Amino acid sequence: MNYVANTQQDQAAMLHDIGAASVDALFSDVPERLRLKGLLKLPEPASEMEVMTKFRSLAGRNSSLSEYKNFMGAGSYEHFIPSAVQAVIGRSDFYTAYTPYQPEISQGTLMSIFEYQTMICNLTGMEVSNASHYDGATAFAESMIMSHNVNGRREFLVAESVNPRYMTVLKTYAAAADFIIKIIPADRHTGKLDAEFVKTNISDSTAAILVQNPSYLGVVENFSSFSEIAHKNGALFAVSANPISLGLLAPPSSYGADIVSGEGQPLGIPTSFGGPNLGFMASTQKQMRRMPGRIVGETVDKNGKKAYVLTLQAREQHIRREKASSNICSNQALCALASTVYLSYVGPYGLRDVAARCSDLAHYMAREIAKVRGFEVSFEGTAFFHEFVVKYPSSLTFDRIFDHFHEAKMLPGVSLSDFFPGEPNQMLVCATEVRTKQDIDAYVKRLGELKW
Amino acid sequence: MVNRTEKLIFEYSEEGRTSFSLPKADLPDSTAGQNFPAGMIRGAGELPKLPQVVETELIRHFTNLSRLNYSLDVGFYPLGSCTMKYNPKVNEAVSMLPGIADVHPLLPDRYCQGMLEIIYDMEKYLCEILGMKRVTMQPLAGAHGELTGIMMIKKYHESRGEKRTKVVVPDSSHGTNPATAAMCGFELVSIKSDANGCVDLDELRSVMNDQVAAFMLTNPNTLGLFDVNIEKIAKVVHDSGALLYYDGANLNAIMGIARPGDMGFDVTHVNLHKTFSTPHGGGGPGSGPVGVSERLVKFLPSPTVEYDDSSKRYSLKFDNIDSIGRVASFHGNFGIIARAYAYIISLGASGILKCSQNAVLNANYLMNHLKKHYNLKFDHTCMHEFVLSSDNLAKFGVTTLDVAKRLLELGYHAPTIYFPIIVHEAIMIEPTETECKERLDEFIATMIQIAKEAETSPDVLKNAPQNTPVSRLDETRAARMPVLRCCACDGCPAPSSQKEESSRETRKKTASAQK
């Protein structure tokens with residue numbers, strides 16, 4: 001396949017017009033030594049039929065969620081996506097449009113981002129949202145950098161129970177910026193964070209306390225005391241939240257968050273092997289000008305007609321260069337649009353119902369698993385949302401469990417061996433609204449059939 | 001694109017409207033939230049304020065919004081530095097296949113061999129195109145790729161026990177270059193370009209020393225010129241112990257012609273959403289893979305994808321102790337990588353070369369015609385793009401902005417304007433290879449018409465655009481009195497309080513600026 005329209009006649013006419021002897025002559029600035037002598041070592045050109053066949057064959061070697069009953073979450077969640085979402089984001093007026101730098105011909109994208117910002121604010125209880133980030137992990141890392149930009153401090157207290165992939169991204173960013181990270185331990189029995197550790201370790205060097213709620217292990221906590229301590233010490237309190245959980249859970253603003261970030265993938269975006277995802281970030285009016293990334297604002301055109309435009313650009317790299325609040329240039333506009341359509345589709349009651357169904361199914365599942373001999377659900381008595389930790393007999397390996405379920409067309413969960421190196425026999429299990437009691441009963445039965 | 005008004009979705013909302021429902025619950029009564037800690041459950045009246053609409057209204061609203069957009073599927077984007085080439089439909093189709101779009105990122109390797117093969121092959125293809133040793137597919141956008149690259153450079157110097165504190169960029173560089181360096185704690189040194197817009201070797205020599213970690217460069221540069229001194233530049237940089245960074249924004253000019261790795265670059269980032277035809281999506285998602293030379297391989301983000309020839313298995317490798325760590329939640333923007341993969345295997349080696357050849361031919365053809373009507377600062381064979389200036393129209397009171405806005409009215413997206421900052425009243429044009437000669441001729445005719453109008457009826461330009469959904473905006477008002485969310489739903493502060501807040505901020509800023 002090829003998308004070049006110029007024929008040999010076109011090329012000849014154009015070269016004649018330019019006064020160049022050949023296409024090759026146009027590259028005469030490239031030193032001879034650097035010129036490639038033959039073709040690159042790439043495949044032969046393929047027809048559309050061959051490309052589709054190749055992809056179908058590649059797709060056939062992955063265990064897709066359309067074939068397997070999925071109980072894996074851990075930062076990428078399977079939720080039902082209404083058909084309206086693809087119908088909207090599949091419109092090429094949206095997906096083949098450029099960044100809305102020319103607002104007169106980009107009102108569709110700009111208005112949809114303005115709607116997105118409003119929904120993220122309403123969901124998190126915050127006052128200002130940006131136009132989105134790359135993903136949950138990078139939005140979390142940017143909340144660390146933003147805290148530093150607010151108070152100039154370089155030390156961070158970070159919950160041990162944040163998603164370990166968020167933690168490594170955070171540490172990568174922190175190493176580059178010469179920040180110091182201190183880990184707030186999570187209690188092995190309750191999964192809750194050690195409030196005493198926070199009290200003894202917070203100081204006037206602390207830029208922010210960063211937590212995830214629900215945590216990676218599924219645990220829900222009221223962090224009011226954490227935000228109070230942070231604020232008393234001139235630090236910020238930053239939360240990474242699951243947006244579906246906010247249909248049920250009190251918004252992070254209610255327990256004192258200054259920055260709320262998170263992974264928006266659950267809002268109408270397929271798992272797609274982990275990307276593209278959607279990072280969201282919201283904060284307070286007070287910190288509006290410290291926010292990284294694009295922001296859309298309302299204004300009027302010269303005829304007084306209401307209109308939308310990228311604004312507060314004095315924070316951004318193309319204006320401020322090395323003094324910008326971040327180097328981020330793009331946003332995940334199309335993914336933000338998907339989440340906007342999703343949230344509009346389900347509405348406030350639908351979102352609550354989805355969250356409640358996830359929670360109901362997960363709690364039922366946890367109760368049933370706890371009844372299976374040899375299996376335990378960790379953190380008994382601690383509140384969780386739709387994900388929880390299952391401890392399995394140490395004579396079993398995660399690989400064996402996974403294969404056992406895979407044979408029955410199920411994906412049983414995500415290993416926590418990296419998270420709990422001392423006690424590797426634990427896994428994270430998730431149930432969302434796409435599962436049924438019947439699915440869970442089949443899972444529990446399968447679990448009971450494991451030989452150990 | 002239609003010239004009409006569309007309300008915000010919130011303005012369609014009516015209590016009780018929805019098309020959404022869940023399957024009937026097969027569990028007894030809901031207990032959701034009952035065990036939550038005090039204060040952690042939303043009360044009945046505290047649900048998030050989201051629109052309540054039926055599907056008909058929702059689809060019409062978003063369809064109407066989409067019709068307020070200009071897009072590649074309706075017309076030409078002569079947008080310099082952004083490589084707005086056509087987005088092939090097969091790329092979209094493959095990215096949505098079952099087994100591609102619905103795969104969980106934490107599956108054990110043995111159950112996602114197809115995905116790992118795509119990532120592995122993409123790395124191999126990009127290594128070949130770039131002349132680099134290895135490539136990470138993890139970075140999620142071009143700027144994110146830059147960040148990843150500079151993080152590796154920082155770690156490289158640290159691993160050698162050197163504390164280098166500066167990054168050098170040319171004055172024509174993209175804003176992300178200095179912003180990225182600053183995020184990694186580097187001090188910025190900007191050097192002047194020479195009379196041809198290329199790197200001034202003497203200037204470069206004068207700033208390179210054992211404090212400099214890297215020199216960041218695009219080649220072709222932002223003026224669309226290939227820097228003939230590239231090998232000398234690489235030598236100056238490497239002699240001082242620094243590394244050479246390639247901003248891949250302009251890669252579309254040289255694929256199959258020459259390779260950054262052969263020129264001496266140590267790190268290169270690629271924008272799949274530019275060079276490899278994936279859609280811009282109205283501002284993202286993009287994808288910014290990063291290639292490295294041999295000496296940086298061990299610092300690549302973790303995990304990497306490896307292939308074992310004996311078992312014919314792909315696997316993720318996490319145990320690289322020198323890695324800078326992860327830069328993204330999972331494996332990069334996989335859906336975008338899959339689209340770019342489809343593009344590369346569609347085109348093959350000969351097609352990839354044809355892209356660059358025709359991108360450069362198209363650019364020179366446009367430049368040759370337009371330089372008679374606009375100022376061309378650097379009159380030299382260009383690569384895939386070139387920079388004009390409208391300063392020959394200044395005597396009629398017309399600016400580059402006016403030219404750009406008139407183009408919108410005449411059915412085009414505007415070129416990149418006022419960039420690079422070293423050209424006064426810059427108009428940066430990149431046609432790409434996917435425009436045919438007739439479209440280029442139409443564009444030339446339009447640009448000539450505008451240059452004539454500047455002389456005969458400048459008000460037509462000054463008042464443009466008139467036929468678009470909105471005309472020129474009051475951008476100052478947007479920044480001075482920020483309204484950043486819809487206030488139609490209750491619970492939002494009134495615009496007046498925001499106005500007060502923002503003017504206080506402005507006052508504070510002015511005060512601190514005066515200090």
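The following paragraphs describe a predicted model of a complex containing chains A and B, beginning with confidence and the contact between the chains and moving on to domains, sheets and individual residues.

The predictor assigns the complex an ipTM of 0.97 and a pTM of 0.95. For chain B, the average pLDDT is 92, and 94% of the residues score at least 70. A stretch with low scores is found at residues 490–515 of chain B, where pLDDT stays under 50. For this stretch the model has 18 contacts beyond four places in sequence.

The contact between the two chains involves 173 residues from chain A and 173 residues from chain B. On the side of chain A that touches chain B, the most residues come from helix H11 (residues 333–370) of chain A, which gives 23. Sorted by class, this side of chain A has 84 nonpolar, 56 polar and 33 charged residues.

Chain A is divided into domain 1, covering 69–79 + 348–448, and domain 2, covering 83–341. Their C-alpha centres are 28 Å apart. The contact between these domains draws on 24 residues of domain 1 of chain A and 22 residues of domain 2 of chain A. On the domain 1 side, the elements giving two or more residues are H11 and strand S12 (387–391) of chain A. H11(A) supplies the largest share of that side, with 7 residues. By class, the domain 1 side has 14 nonpolar, 6 polar and 4 charged residues. In chain B, the domain assignment gives domain 1 (1–21 + 47–69) and domain 2 (91–345), and the C-alpha centres of these two domains of chain B lie 40 Å apart.

Strand S12(A) also takes part in strand pairing. It runs antiparallel to strand S15(A), to which it is joined by 5 bridges. Within this pairing, A:Val390 has A:Met427 of S15(A) as its bridge partner. S15(A) pairs as well with strand S14 (residues 414–415) of chain A, in the antiparallel sense and over 2 bridges. Here A:Ser415 stands opposite A:Met427. A:Met427 is thus a bridge partner of A:Val390 and stands opposite A:Ser415. Strand S15 (residues 426–430) of chain A has 5 of its 5 residues buried, so the strand is largely enclosed by the rest of the structure. In a regular strand, side chains alternate between the two faces of the sheet. In S15(A), A:Gln426, A:Leu428 and A:Cys430 are buried on one side, and A:Met427 and A:Val429 are buried on the other.

Another group of strands in chain A forms an open sheet of 7 strands with mixed pairing, in the order S2-S8-S7-S6-S5-S3-S4. Strand S2 (128–129) and strand S4 (180–184) of chain A are at the edges of this sheet; each has a single partner strand, so one side of each is left without a neighbour in the sheet. Strand S5 (residues 206–213) and strand S6 (residues 236–241) of chain A pair in the parallel sense over 6 bridges. In this pair, A:Leu210 stands opposite A:Ala238 of S6(A).

Both A:Leu210 and A:Ala238 are in contact with A:Ser143. A:Ser143 is located in helix H6 (residues 136–151) of chain A. This serine counts as buried because it has 30 C-beta neighbours inside 10 Å, where 20 or more suffice. Beyond four places in sequence, A:Ser143 also touches A:Ile259, A:Ser261 and A:Met281. The C-alpha atoms of A:Ser143 and A:Phe237 are 9.6 Å apart, although the two residues are separated by 94 residues in sequence.

In soluble globular proteins, nonpolar side chains tend to be buried together. The largest nonpolar core of the model has 317 residues, and of these A:Ala208 and B:Ile337 touch the most other members. Excluding neighbours within four places in sequence, B:Ile337 is in contact with B:Ile118, B:Ile119, B:Met122, B:Met137, B:Leu272, B:Ser287 and B:Gly332.

Chain B also includes helix H5 (residues 176–183), which is mostly covered, with 8 of its 8 residues buried. Among the buried residues of H5(B) are B:Thr176, B:Asn177, B:Pro178 and B:Met183. Just after H5(B), B:Gly185 has a positive phi of about 80 degrees.

Note on methods:
Residues numbered from 1 in each chain as written. Chains lettered and ligands numbered in written order. Contact = placed C-beta atoms within 7 Å. Helix = DSSP H or I, 4+ residues; strand = E, 2+ residues; numbered from the N terminus. Nonpolar A, V, L, I, M, F, W, Y, C, P; charged D, E, K, R; others polar. Domains from an automatic or database assignment. Core = buried A, V, L, I, M, F, W, Y, C linked by C-beta atoms within 7 Å. Buried ≥ 20, exposed ≤ 12 C-beta atoms within 10 Å, placed from the backbone. Pairing = 2+ DSSP bridges. pLDDT = per-residue confidence, 0-100.
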